[in-house]
Amino acid sequence: MKIAILILVGLGFMLHVAGLMLMEVALGGVVFFTPFVCGPLVCIGILAFRWQCRSARVVLILGAFIYICWMSLIYADLVWHVLSPSDAQKALALLFVGFYALPVLLPVYFIGRKFEKSLATSVLDAKNIAEEGESSSAALS
């Protein structure tokens, strides 16, 4: 499961670099725009390694896929459709890609966190039940 998330995050980074190269942005621009565009992918990658629940990771994979599709749409829009090839300001639209995706990604994060929290409470309940069973069997002996 972690490998699938790493593949999606890597795909997102490659898409980001390729999109900026198609827009003929200099290397300094690639480095400058990376935190803005790939910040949500980094959050997904960090959460994927911290969370243990399979359902939460599936939600994160879905969120990464949605974000990569969103990124692809923005890059395609910037490179081929909306702005002229000689427009020097087209890369500035990338400053807001991560922020515009927040209304979709925040519920993904919260749903994944809810799954993770439910796993933690069920594990804690199972430990409490096991401890109660051990203490009651010790009391009966």
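**Close-up views of an all-helix model**

The protein contains 5 helices and 0 strands. The model is predicted.

**View 1. Overall layout of the protein.** Read from the N terminus, the elements follow the order α-α-α-α-α. The protein has 141 residues, and 33% of them count as buried. Of the contacts between residues at least 6 apart in sequence, 78% connect residues at least 24 apart. The exposed surface of the protein amounts to about 8,700 Å². Carbon and sulfur atoms account for 73% of that surface.

**View 2. Phe49 and the residues it meets from the start of the numbering.** Phe49 belongs to helix α2, which covers residues 27–50. Phe49 counts as partly exposed because its relative accessibility is 38%, a value between the limits of 20% and 50%. Apart from neighbours within four places in sequence, the contacts of Phe49 are Lys2 and Leu6. Met1 is 48 residues from Phe49 in sequence, yet the C-alpha atoms of Met1 and Phe49 are 9.8 Å apart in space.

**View 3. Arg57, a buried residue without a salt bridge.** Arg57 is located in helix α3, made of residues 54–81. The residue is buried, and no salt bridge is formed by Arg57. For Arg57, the nearest side chain of opposite charge is that of Glu116, at 6.7 Å. A salt bridge requires a nitrogen–oxygen pair within 4 Å. When residues up to four places away in sequence are not counted, Arg57 touches Met1, Lys2, Ile5, Ala48, Trp51 and Gln52. Lys2 thus appears in this view as a contact of Arg57 and in View 2 as a contact of Phe49.

**View 4. A nonpolar patch on the surface.** Six side chains can be located here: Phe96, Phe99, Tyr100, Leu102, Leu106 and Phe110 make a nonpolar surface patch of about 650 Å². Two elements, α4 (97–100) and α5 (102–140), each give two or more residues to the patch. The largest share, 3 residues, is supplied by α5.

**View 5. Leu102 within the patch.** Leu102 is one of the residues that make the nonpolar patch, and its place is in helix α5. Is Leu102 buried, exposed or partly exposed? Leu102 is partly exposed because its relative accessible area is 32%, where buried would need a value under 20% and exposed a value over 50%. The same value of 32% is over the 30% that a residue needs to be part of a patch.

Note on methods. Residues are numbered from 1 along each chain as its sequence is written. This is a predicted model: local features need pLDDT of at least 70, side-chain atom pairs count only at pLDDT 80 or more; totals for chains, interfaces and linings use all residues. Side-chain values use heavy atoms; hydrogens and water are left out. Helices (H or I, at least four residues) and strands (E, at least two) are DSSP runs, numbered from the N terminus. Buried means under 20% relative accessible area, exposed over 50%, partly exposed in between (1.4 Å probe, protein chains only). Contact means heavy atoms within 4.5 Å. Accessible areas come from the Shrake-Rupley method with a 1.4 Å probe; for residues, only the protein chains shown count as cover. Lys and Arg count as positive and Asp and Glu as negative; His and the chain ends are not counted. Patches are made of residues with over 30% relative accessible area and no salt bridge: like charges are joined within 9 Å, nonpolar side chains (Val, Leu, Ile, Met, Phe, Trp, Tyr) within 5 Å.
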